[in-house]
Amino acid sequence: MSVYLIQHITNNNTAINLAISFYSKLQQILLKKCINCWIDHKKNSVFFLIKAPNKSSIQKLYYQSINLHPYKITSVNSHLVYAFLKSAQQLKAIQSKSFYEPQKYSVYFLAKIFNKKTLLVNKTRTCEALSFKKAIIQNLITSYKGYQIEANEEIIASFYSVKNALGCTASILDKLNKRADNSSTKIILYTHLNNGKENTSIQITPKLTKLLYLIKKKEPLIVFSKTRNMPPLLSGLKKTYWLTPEKESFILSFIDILSKNYQNPKFNVSSICTLMMMSKTKLYRNCKDITGKSISQLLKEFRLLKSIDSITMSSSAISQISTDVGFNSSSYFSNCFKKKFGICPKELSK
């Protein structure tokens, strides 16, 4: 049995964590055939050393992975293996970054209880329904010992007990499902490793809020992968969309890339494919599967969501705002905005 050196190109921490977690998964499958894993920051790479009968058997290991594929697979001799193992770049305590080890998590709860288009079309009726839903959700969050962070268009809360978070969510869905006007309610549950930092919620909630608007699934509840390994209080709920670790890493990487590049008008689908290291076909398939939308739709809607903040919080002209969020044409921006939210950007700015 030969030893192979597998290289993964990693351009950010998310990509590094994805590669490390995949190696941890391989360790469970291959056991002693996994020799080592380390990070080389100079080469922007994560390397695996794995025993395998041939190169094709290694390629088969990646067939089930959505967004992780080897950059290079090279057969190495025993001398090189020894040199690699002596290298100071070895990743120590690899299991500490595994998705599969038991960890202490806090759970973030985000509920989208209406959409902007519905509000602008029928403001009075929507506001009445909104107030009632808010009261239900906030009371249940309190009763399950949750900590409310924010309550505007979305209700955001944090739970230090996974059991309480799942129980609260199940109760909310049970109560809201009995209402006829519940079609616009959407909830995300996201588990996060406690790291003792006070500003964790400030970093996480904007990203999850974007996901809340971009993931268009019929199911009212979206649950991230780590929550699935917790007490299965939600297993009886039918309308739940579970994100696997691979899908979770993909969509978070996708959001991260959009956040950093959306202001550039030349940033397009080809640019996203390059940064995500995927072919257009594969990227489109993954986007469609998780969000229900194409790559170009997601980029456009991301820019439109960003424009709302600029319109409501600044006095800049609409033409300037459209340029700031990456649109080449102010008129095209206004048409897309009205189609999405049911109101012209100029009317909203007033």
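These questions and answers walk through a predicted model.

Me: In which order do the four strands of the open sheet stand?
Reply: The sheet is open and its pairing is antiparallel. Its edge strands, E2 (34-40) and E4 (72-76), each pair on one side only. The order is E2-E3-E1-E4.

Me: By how many degrees are neighbouring strands of this sheet turned against each other on average?
Reply: The sheet has four strands. The angle between neighbours is taken with direction ignored. On average it is 20 degrees.

Me: Which residue in E3 stands opposite Cys 37?
Reply: E2 and strand E3 (residues 45-52) run antiparallel. Six bridges join E2 to E3. Opposite Cys 37 stands Phe 48.

Me: Is Thr 10 buried or exposed?
Reply: Thr 10 lies in the loop between strand E1 (2-9) and helix H1 (13-30). Leaving out residues up to four places away in sequence, Thr 10 touches Ala 15, Ile 16, Asn 44, Ser 45 and Val 46. Buried means under 20% relative accessible area. Thr 10 has 5% relative accessibility, so it counts as buried.

Me: How does Pro 70 count at 24% relative accessibility?
Reply: Pro 70 is in the loop between helix H2 (55-61) and E4. The cut-offs are under 20% for buried and over 50% for exposed. At 24%, Pro 70 therefore counts as partly exposed.

Me: How many Å separate Pro 70 and Gln 7 in space, C-alpha to C-alpha?
Reply: In sequence, Pro 70 and Gln 7 are 63 residues apart. Yet Pro 70 touches Gln 7, along with Ile 6, His 8 and Tyr 62, not counting residues up to four places away in sequence. The C-alpha to C-alpha distance is 5.8 Å.

Me: Which helix gives the largest share of the largest nonpolar core?
Reply: This core has 50 residues. Those with the most contacts inside it are Leu 211, Phe 250, Phe 254, Ile 272 and Leu 283. The largest share is eight residues, and it comes from helix H12 (residues 295-313).

Me: Are H9 and H10 parallel, perpendicular or oblique to each other?
Reply: The axes of helix H9 (residues 245-261) and helix H10 (residues 269-276) cross at roughly 125 degrees. Roughly perpendicular covers 65 to 115, and roughly antiparallel starts over 145. H9 and H10 are therefore oblique.

Me: Is the crossing of H9 and H10 left-handed or right-handed?
Reply: The two axes come within 11 Å. Residues making the contact include Phe 250 and Phe 254 of H9 and Ile 272 of H10. The crossing is right-handed.

Conventions
Residues are numbered from 1 along each chain as its sequence is written. This is a predicted model: local features need pLDDT of at least 70, side-chain atom pairs count only at pLDDT 80 or more; totals for chains, interfaces and linings use all residues. Side-chain values use heavy atoms; hydrogens and water are left out. A nonpolar core is a set of buried Ala, Val, Leu, Ile, Met, Phe, Trp, Tyr and Cys residues joined through side-chain atoms within 4.5 Å. Buried means under 20% relative accessible area, exposed over 50%, partly exposed in between (1.4 Å probe, protein chains only). Helices (H or I, at least four residues) and strands (E, at least two) are DSSP runs, numbered from the N terminus. Two strands pair if DSSP finds at least two bridges between them. Axes are lines fitted to C-alpha atoms, for helices over the stretch in contact, and angles run from 0 to 180 degrees between N-to-C directions. Angles under 35 degrees count as roughly parallel, over 145 as roughly antiparallel, 65 to 115 as roughly perpendicular and the rest as oblique. A crossing is left-handed if the near helix is turned anticlockwise from the far one by less than a right angle, and right-handed if clockwise. Contact means heavy atoms within 4.5 Å.
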